[in-house]
Amino acid sequence: MKCDPPVGAPPPGTASGLAALLTGAAWGSAAMGAVLTLADVDSPLRAPFTLFLLVGAPALSIGAALGRTAPLARAVVALAGALALDLLVAQGMLALHLWSVRGGTLTVAAFSGAVLLLTALARARRTARARTGRAG
């Protein structure tokens, strides 16, 4: 017996599709910030896009690594982790007398990419183990 969805409920798969669309738009904005900063383009959009790169890219990476945690908890931890990463990169570069805007942006982007890559590799390994029937 098949029941109809409740009245006013979104169609199945819509919420995850919207989340994927928003995540893609966020990554696109972060990439635009990297391009504008690294190319040293003199544009009024450089500052907002770069700020989004410095906060958004690490937050998105950490949020992806947290997986199935509660959405509010994931958002809070991801934002706190992004700010911590930004502060640690800035402090380390200042302590080593290596500070530059391009270097800081590139370092934060590299750390964010590494976290995202490691998360994707761990998920792929987990999926491969589940398919073969091995535990652990």
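Start by selecting arginine 102 and aspartate 40: they form a salt bridge (a side-chain nitrogen of Lys or Arg within 4 Å of a carboxyl oxygen of Asp or Glu), with the closest N and O atoms 3.7 Å apart. This pair links distant parts of the chain, 62 residues apart, with arginine 102 in helix α4 and aspartate 40 in the loop between α1 (14-38) and α2. Helices here are DSSP runs of H or I, at least four residues long, numbered from the N terminus.

A word on what you have open: this is a predicted model, where local features need pLDDT of at least 70 and side-chain atom pairs count only at pLDDT 80 or more, while totals for chains, interfaces and linings use all residues. Residues are numbered from 1 along each chain as its sequence is written, and side-chain values use heavy atoms, leaving out hydrogens and water.

Next, add arginine 46, whose side chain meets that of aspartate 40 in a salt bridge at 2.7 Å, N to O. Asp40, Arg46 and Arg102 are thus on screen as a linked network of salt bridges. Color by accessibility and aspartate 40 comes out partly exposed (between 20% and 50% relative accessible area, 1.4 Å probe, protein chains only; buried is under 20%, exposed over 50%) at 46%.

Now move along α4 to threonine 119, which is buried at 12% relative accessible area. Beyond its neighbours within four places in sequence, threonine 119 is in contact (heavy atoms within 4.5 Å) with Ala64 and Ala65.

Finish on α3, where the buried residues include Ala78, Leu85 and Met93; their cover includes α2 (46-66) and α4 (101-132). Just after α3, look for histidine 97, with a positive phi of about 55 degrees.

How values were computed:
Helix = DSSP H or I, 4+ residues; strand = E, 2+ residues; numbered from the N terminus.
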